[in-house]
Amino acid sequence: MKITMVGAGYVGLVTGTCFAEIGHNVLCVDNDARKIEMLTKRRMPIYEEGLEDLVIRNMDKERLRFTTSIKEGTEFAEVIFIAVGTPPGYHGEPNLSYVEQVGRQVAAHMTDYRLLVEKSTVPVNTGIQLKRTVSKYLREKVDFDVASNPEFLREGSAVHDAFNPDRIVVGVESERAARLLREIYEPIISRSGCEFLVMNIPSAELTKHASNSFLATKISFINAVSRVCELAGADIEQVAHGMGLDPRIGPSFLRAGVGYGGSCFPKDVDAFVHLADQLGYDFRLLREVQRINQGQREHLLRKIQHELWVIQDKVIAIFGLAFKPGTDDIREAPSLYFVSELLKEKAKLRLWDPVATEKFRSVYPDLDYFDDPLECAKGAELLLILTDWPQIRQIDLARLKEAMKCPAIIDGRNMFDPRTMREMGFDYSCVGRP
Ligand SMILES: NC(=O)c1ccc[n+]([C@@H]2O[C@H](COP(=O)([O-])OP(=O)(O)OC[C@H]3O[C@@H](n4cnc5c(N)ncnc54)[C@H](O)[C@@H]3O)[C@@H](O)[C@H]2O)c1
């Protein structure tokens, strides 16, 4: 089938490429000319494992193309996915102007039936708004459908997730829309055996927000328990393991740490709180989830203050700038908070990340970045671990200790065994463990 994917970011590029790989003919549209130029020259604007090979292979097979022209995208395919950004607005409500803009632009070029599919994460009832906008900006009377198909892939394993989804959720208003989406996903459904859930549009929209908010709640819950562990002399790793073996709870998202970040959880929880408010429900549980998340960062900052006493002029190495391993995405990453706070206190920062350095450098061009973690730790009076990159676990701890001026580590991801670290002579502090 022919498919147009509007927005060639983390979601659009990965899903568009995945659709090409399963045999569809895909045109990706993005209004960022630099991004499209890079992609046309086979250079990746983002890091995601396995993506580059897949993009190049499908470009070679002429099943994947890129353009900045929404007109070309509208004319190209019957099904148009919208995977543009929905960043947070001023009061926590998502900024839907990009989605609205695509709706207007597609309407202006539509001459035949089109199915517009919301893949971006949007609040419930965005489908209705999108439908109204398209109707309003149509130049001639054309039949069209709007559908919702929220995306559940995770950065860091996005390519794998796109081929092996837990479920595919579609919200539709017509048989035709359901049939078209089923046809698109058929190869993935038969390969992965995942469920294809058809529901109405508001339910599909809400499924996404509820899922992300629930996962954020799980993270804040375990972080809150980690604070109690610190006060009670218990070990959060053991507590979480004991909890996670209960199949009603499950082990995932029970890792205490520095709190959630990234481009989705903070904004999606915010959006859900805001939306519930608008509908007349005060979602206090989620407000508390947000408060705990912020508190977790502040708690770690206090540990740094406690460790160093005076932060000014202290050399602090930071391992991990990406919001999680496997991605170069730094949106809402904990590193942004800590770098900003530590710079206010006039610390001297040395930074290492295996793939996110360039993105971080565009925000902080004048800081010291290193390719090698041991080089980064040289002369440090404190090492702060913010992303659980596997490279950190493999580091030669004896050499790390030798490189640092004072072997103090604050580990926001519980990557090492506290007893081993102490035995090696580190002053090691982590989250929720004695
Ligand atoms: N990143 C994730 O892990 C993830 C997972 C699930 C859902 N989502 C949701 O998917 C959506 C996209 O997220 P993302 O991380 O891919 O964002 P992104 O910022 O990486 O990509 C969005 C792309 O849309 C393009 N764009 C914006 N307006 C446009 C327009 N009018 N015409 C053409 N292109 C336009 C931008 O240039 C950008 O390349 C968001 O709603 C997000 O919440 C993201």
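# Reasoning from Values to Terms

Mentor: Outside the residues up to four places away in sequence, Met421 touches Leu397, Ile409, Phe416, Phe426 and Tyr428. The model under discussion is predicted.

Trainee: What makes each of these five residues a contact of Met421?

Mentor: A contact requires heavy atoms within 4.5 Å. Leu397, Ile409, Phe416, Phe426 and Tyr428 are each in contact with Met421, so each has a heavy atom within 4.5 Å of one in Met421.

Trainee: Why is Met421 called buried?

Mentor: The relative accessible area of Met421 is 1%, and buried means under 20%; Met421 is therefore buried. The residue is found in helix H18, which covers residues 418–423.

Trainee: How far apart are the C-alpha atoms of Met421 and Leu13?

Mentor: These C-alpha atoms are separated by 42 Å, and the two positions lie 408 residues apart along the chain as their sequence separation.

Trainee: How do you know that Glu230 and Lys303 form a salt bridge?

Mentor: The N to O distance between their side chains is 2.9 Å. The cut-off for a Lys or Arg nitrogen and a carboxyl oxygen of Asp or Glu is 4 Å, so the pair qualifies as a salt bridge. The structure holds 27 salt bridges.

Trainee: What makes Glu230 and Lys303 a link between distant parts of the chain?

Mentor: Glu230 belongs to helix H9 (residues 201–232) and Lys303 to helix H12 (residues 284–308), with 73 residues separating them in sequence.

Trainee: Why do Glu230 and Lys303 receive the exposure terms they do?

Mentor: Glu230 has 28% relative accessibility, which lies between the limits of 20% and 50%, so Glu230 is partly exposed. Lys303 has 15%, which is under 20%, so Lys303 is buried.

Trainee: What makes Asp246 and Arg248 a salt bridge, and why is Arg248 called exposed or buried?

Mentor: Their side chains meet at 2.8 Å, N to O, which is within the limit of 4 Å. Arg248 has 74% relative accessibility, and exposed means over 50%; Arg248 is therefore exposed. Asp246, at 21%, is partly exposed.

Trainee: How do Arg291 and Glu288 lie in helix H12?

Mentor: They are 3 residues apart, about one turn of the helix, and their side chains form a salt bridge of 2.5 Å, N to O. Arg291, at 54%, is over the 50% limit and is therefore exposed. Glu288, at 34%, falls between the limits, so this residue is partly exposed.

Trainee: Which residues are linked in a network of salt bridges?

Mentor: The network joins Asp277, Asp282, Arg284 and Arg287.

Trainee: How many aromatic pairs are there, and why is that of Tyr260 and Phe265 called edge-to-face?

Mentor: The structure holds 11 aromatic pairs. The rings of Tyr260 and Phe265 are 6.0 Å apart, centre to centre, with 80 degrees between the planes. Centres within 6.5 Å make a pair, and planes over 60 degrees apart make it edge-to-face, so the term applies to Tyr260 and Phe265. Both residues, Tyr260 and Phe265, are buried.

Trainee: What makes Phe360 and Tyr369 an aromatic pair?

Mentor: The centre to centre distance of Phe360 and Tyr369 is 6.5 Å, with 70 degrees between the planes. The angle is over 60 degrees, so this pair is also edge-to-face. Phe360 and Tyr369 are both buried.

Trainee: How do you know that the charged end of Arg176 sits over the ring of Tyr113?

Mentor: The charged end of Arg176 is 3.4 Å from the centre of that ring. The distance limit is 6 Å, and the charge must also be within 35 degrees of the ring normal; Arg176 therefore counts as sitting over Tyr113. The charged end of Arg167 sits over the ring of Phe152, 3.7 Å from its centre.

Note on methods: Residues numbered from 1 in each chain as written. Heavy atoms only, no water. Helix = DSSP H or I, 4+ residues; strand = E, 2+ residues; numbered from the N terminus. Buried < 20%, exposed > 50% of the residue type's maximum accessible area, 1.4 Å probe, protein only. Phe/Tyr/Trp six-rings, centres within 6.5 Å; stacked < 30°, edge-to-face > 60°.
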